[in-house]
Structures are given as C-alpha cells and as structure tokens.
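Subject: Structure handover

Hi there,

Here is the structure I promised to pass on to you. Have a look at it first, and then read my notes below.

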Amino acid sequence: KRLAAVAAGLPAPDLASIAFEPAQGLLRVSFTSVQGGLQSSGRPAGFTLRDAAGNELPAIYKVSLDGPDALLKLTDPALLPGAFLWYGYGLAPYCNLTDSTGAAVPAFGPISL
C-alpha cells in the first residue's frame, strides 16, 4: 500500500509545526500530508524532550492524537526553555505513528523549543 501511495504521488507525512499551548500545558506537533489522521498501534510512542547534552527530560506524560496532530501533555512546562524535541531519538527507537495508509511519520530532531 505504501509503495502504491508513493507511485500515485501521495506524499508521506512530514513535520509542519510545533506550538506550545500554555492554557492546556501541551505541545501540539502538526504534520502535513497525513491521509485520514494519525494513528498508532497501542499508545503513541517515540517523542522525547532532551536538554542540550542529550539527557532526557521527564516532561511528557501523555501523547494523544487529533487528526494530523500529536498532542504532548507536559508534566512541567517550565522545562521547555532550552529543551529540544525529538521523535525517534537514538540508535533503535520505538516509534509507532503512521497515517491511515500506513505511511510512517519520519524521525526528526533536535528541534529547539
């Protein structure tokens, strides 16, 4: 299916924007070219916040999906200044976001917040 989608000219999902929504205490990570909304097998996984040295910050406690957006609920928004967002950090990350056609969300990072 994925190869057929590429042959038909349908682009794979790609990072569009990251926005902090302080009233909800979350980061909204938006993607373009998502067919039918984001989905995951099990709980959405793969996002981390890290400091400049690459140490993981314990700031994301829940990830939910809303159409083409991933909503990262934060434990402490005060950790955001100077942090970097990653999706798929490390040599063997577990990432499970796809769109309805099975096209995977690409790994990215570091994105300065």
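A good place to begin is the hairpin of strand 6 and strand 7: 2 residues lie between the strands, and Gly 67 takes a positive phi near 65° there. Please keep in mind that this is a predicted model.

The two strands of that hairpin pair in the antiparallel sense, with 6 bridges between them. Within this pairing, Ser 64 sits opposite Leu 71 of strand 7.

Both strands belong to an open sheet of 4 strands, whose order is 1-2-7-6 and whose pairing is antiparallel. Its edges are strand 1 (14-21) and strand 6 (60-66), each of which pairs on one side only. On average, and with direction ignored, neighbouring strands of this sheet are turned by 20° against each other. As a general reminder, the strands of a sheet pair through backbone hydrogen bonds, either parallel or antiparallel.

On to the pairing of strand 2 with strand 7. These run antiparallel and are joined by 5 bridges. Two facing pairs are easy to pick out: Arg 28 stands opposite Leu 71, and Leu 27 stands opposite Leu 72. Strand 7 is largely enclosed by the rest of the structure, because 5 of its 6 residues are buried.

There is also an open sheet of 4 strands in the order 5-4-8-10, again with antiparallel pairing. Here the edge strands are strand 5 (56-57) and strand 10 (108-112), and each pairs on one side only. Strand 4 (residues 47-50) and strand 8 (residues 84-87) are antiparallel partners over 4 bridges, with Leu 49 opposite Leu 85.

Which residues have the most contacts inside the largest nonpolar core? They are Val 29, Phe 31, Phe 47, Leu 49, Leu 72, Leu 85 and Phe 108, in a core of 20 residues. Strand 2 (26-32), strand 4, strand 7 (69-74) and strand 8 are the elements that give two or more residues to this core. If you want one residue to centre your view on, try Leu 72. Setting aside residues up to four places away in sequence, Leu 72 touches Gly 25, Leu 26, Leu 27, Val 29, Phe 47, Ile 60, Lys 62, Val 63 and Leu 85.

Next, a charged side chain that I thought you would like. Arg 50 lies in strand 4. Is Arg 50 buried or exposed? Its relative accessibility is 10%, so Arg 50 counts as buried, the cut-off being under 20%. The Arg 50 side chain reaches the backbone oxygen of Gly 54 at 2.8 Å. Apart from neighbours within four places in sequence, Arg 50 is in contact with Asn 55, Glu 56, Leu 57, Gly 82, Ala 83, Phe 84, Trp 86 and Tyr 89.

For contrast, turn to Pro 81, in the loop between strand 7 and strand 8. With a relative accessibility of 66%, Pro 81 counts as exposed, since the threshold for that is over 50%. Pro 81 and Leu 27 are 54 residues apart along the chain, and 13 Å separates their C-alpha atoms.

That is what I have for now. Enjoy exploring it!

Best wishes

Note on methods
Residues numbered from 1 in each chain as written. Predicted model: local features only at pLDDT ≥ 70, side-chain atom pairs only at ≥ 80, totals over all residues. Heavy atoms only, no water. Pairing = 2+ DSSP bridges. Core = buried A, V, L, I, M, F, W, Y, C linked by side-chain atoms within 4.5 Å. Buried < 20%, exposed > 50% of the residue type's maximum accessible area, 1.4 Å probe, protein only. Contact = heavy atoms within 4.5 Å. Polar contact = N/O pair within 3.5 Å; in protein donor to acceptor, adjacent residues only side chain to side chain. Axes fitted to C-alpha atoms, helices over the stretch in contact; angles between N-to-C directions.
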